[in-house]
Amino acid sequence: MNERQLSRRLQLVATYVPKGAKTADIGSDHAYLPCYLCLKDETATAIAGEINEGPYQSAQSQVRQSGLTERVSVRKGNGLAVIEAQDDVDVVTVAGMGGALITTILTEGKDKLTNVSRLILQPNVSASIIRLWLDQNGWTLKAEEIIEEDDKIYEILVADRGENKSLYKTNKEQKMLLGPFLMDECNEAFQKKWTYEKINWERILTQFEKATETVELKEKKEEIKKKIEMVKEVVK
């Protein structure tokens with residue numbers, strides 16, 4: 001992977017960045033995504049944000065090598081703290097982290113999102129936590145992707161500012177877990193992911209049956225059974 005040839009998951013993230021956008025890529029690592037966006041679109045500008053010194057230095061080096069020092073600003077800081085008011089950032093991308101960490105970054109930096117119109121988020125796990133955060137904080141899902149790459153399955157969530165009350169009008173809990181757009185498409189990666197999850201939950205239930213019954217255990221069993229049924233309704 002490099003600034004001209006991204007991994008498939010990052011290429012998908014890039015496809016949802018509008019032409020001419022100013023993008024803040026949080027946890028940018030080598031700044032591959034910001035460089036790619038600017039090389040593909042001469043009207044684009046970007047911020048590459050990193051909290052750790054090593055990746056920060058790598059990002060700076062990459063931007064220099066790509067000849068993009070005038071258009072990609074590499075900044076060291078925690079999460080959205082790298083964004084300044086005068087930046088006029090349109091799009092925020094966060095890729096390659098857990099869902100809980102991504103929502104923490106969004107919550108702690110909520111004041112930095114005032115002028116942002118699109119979030120493109122690629123959690124490695126717990127995408128449902130992000131869907132819930134978006135729904136509770138004035139963002140609505142516009143698109144979702146799920147792919148398998150290098151024996152790992154990734155989800156990409158694209159959200160725009162504003163509410164869509166009809167999105168979760170029915171089966172809200174199921175859609176939060178599985179993804180409303182992903183459920184509709186039900187592609188091979190989606191089926192593989194949730195078949196595996198269902199088998200894992202069934203294994204956990206079998207183990208629970210051997211344990212001493214408590215109120216807490218009973219609640220956990222019911223929660224898992226509910227998730228299994230939600231998956232069964234979609235993945236046959």
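This is a conversation between a trainee and a mentor about a predicted model.

Trainee: Let me start with the sheet. What makes β3 and β6 edge strands?

Mentor: Look at the order first: seven strands form an open sheet, β3-β2-β1-β4-β5-β7-β6, with mixed pairing. β3 (72–76) and β6 each have a single partner strand, so one side of each is left without a neighbour in the sheet. On average, neighbouring strands here are turned by 15 degrees against each other, direction ignored.

Trainee: How do you know that β6 and β7 are paired?

Mentor: Two strands pair if there are at least two bridges between them. Ten bridges join β6 to β7 (residues 152–161), so the pair qualifies, and the two strands run antiparallel. As one example, E148 has I153 in β7 as its bridge partner.

Trainee: And what makes β1 and β2 a pair?

Mentor: The cut-off is again at least two bridges. β1 and β2 are joined by five, so they count as paired, and they run parallel. A24 is bridged to I47 in β2.

Trainee: Which helices pack on this sheet or lie across its strands?

Mentor: Helix α1 (residues 8–15) packs on the sheet, where it touches β4 (91–97), β5 (118–123), β6 and β7. The direction of α1 makes about 155 degrees with that of β6. Helix α8 (residues 188–209) lies across β6 and β7, running at about 85 degrees to β6.

Trainee: Staying with β6, why is T140 called buried?

Mentor: Buried means under 20% relative accessible area. T140, a residue of strand β6 (residues 139–149), has 9% relative accessibility, so the term applies. Leaving out residues up to four places away in sequence, T140 touches V158, A159, D160, G162, E163, N164 and L167.

Trainee: D41 has a charged side chain by class. Why is D41 called buried?

Mentor: The reasoning is the one we used for T140. The relative accessible area of D41 is 10%, and the limit is under 20%, so D41 is buried. You will find D41 in the loop between α2 and β2. Not counting residues up to four places away in sequence, D41 touches K19, G20 and R71.

Trainee: What makes helix α2 mostly covered?

Mentor: Helix α2 spans residues 32–40, and seven of its nine residues are buried. Those residues are Y32, L33, P34, C35, Y36, L37 and C38. They pack against α1, β1 (22–26), β2 (45–50), α3 (53–65), β3 and β4. One of those partners, β1, is mostly covered too, with four of its five residues buried.

Trainee: Now the helix pairs. How is the packing of two helices described?

Mentor: By the angle between their axes and the distance between the axes.

Trainee: Why are α4 and α5 called roughly parallel?

Mentor: Helix α4 (residues 99–108) and helix α5 (residues 127–136) pack at about 25 degrees, with axes 7 Å apart. Angles under 35 degrees count as roughly parallel, and therefore α4 and α5 are described that way. Their crossing is right-handed. At the contact, G99, A100, I102, T103, L106 and T107 of α4 meet I129, I130 and W133 of α5. Sorted by class, this contact has six nonpolar, three polar and no charged residues.

Trainee: Why are α8 and α9 called roughly antiparallel?

Mentor: α8 and helix α9 (residues 215–234) pack at an angle of about 150 degrees, and their axes are 10 Å apart. Angles over 145 count as roughly antiparallel, and therefore the label fits α8 and α9. α8 passes α9 in a left-handed crossing. Residues of α8 in this contact include F190, W194 and W201, while those of α9 include L217, I224 and V231. The contact has eleven nonpolar, no polar and eight charged residues.

Trainee: One last topic, the backbone. What makes N171 and C186 worth a look?

Mentor: N171 has a positive phi of about 50 degrees although it is not a glycine. N171 lies in the loop between β7 and α6 (172–178). C186 is not a glycine either, and its phi is positive, near 50 degrees. You can find C186 in the loop between α7 (180–185) and α8.

Terms used
Residues numbered from 1 in each chain as written. Predicted model: local features only at pLDDT ≥ 70, side-chain atom pairs only at ≥ 80, totals over all residues. Heavy atoms only, no water. Axes fitted to C-alpha atoms, helices over the stretch in contact; angles between N-to-C directions. Parallel < 35°, antiparallel > 145°, perpendicular 65-115°, else oblique. Left-handed = near helix turned anticlockwise from the far one by under 90°. Contact = heavy atoms within 4.5 Å. Buried < 20%, exposed > 50% of the residue type's maximum accessible area, 1.4 Å probe, protein only.
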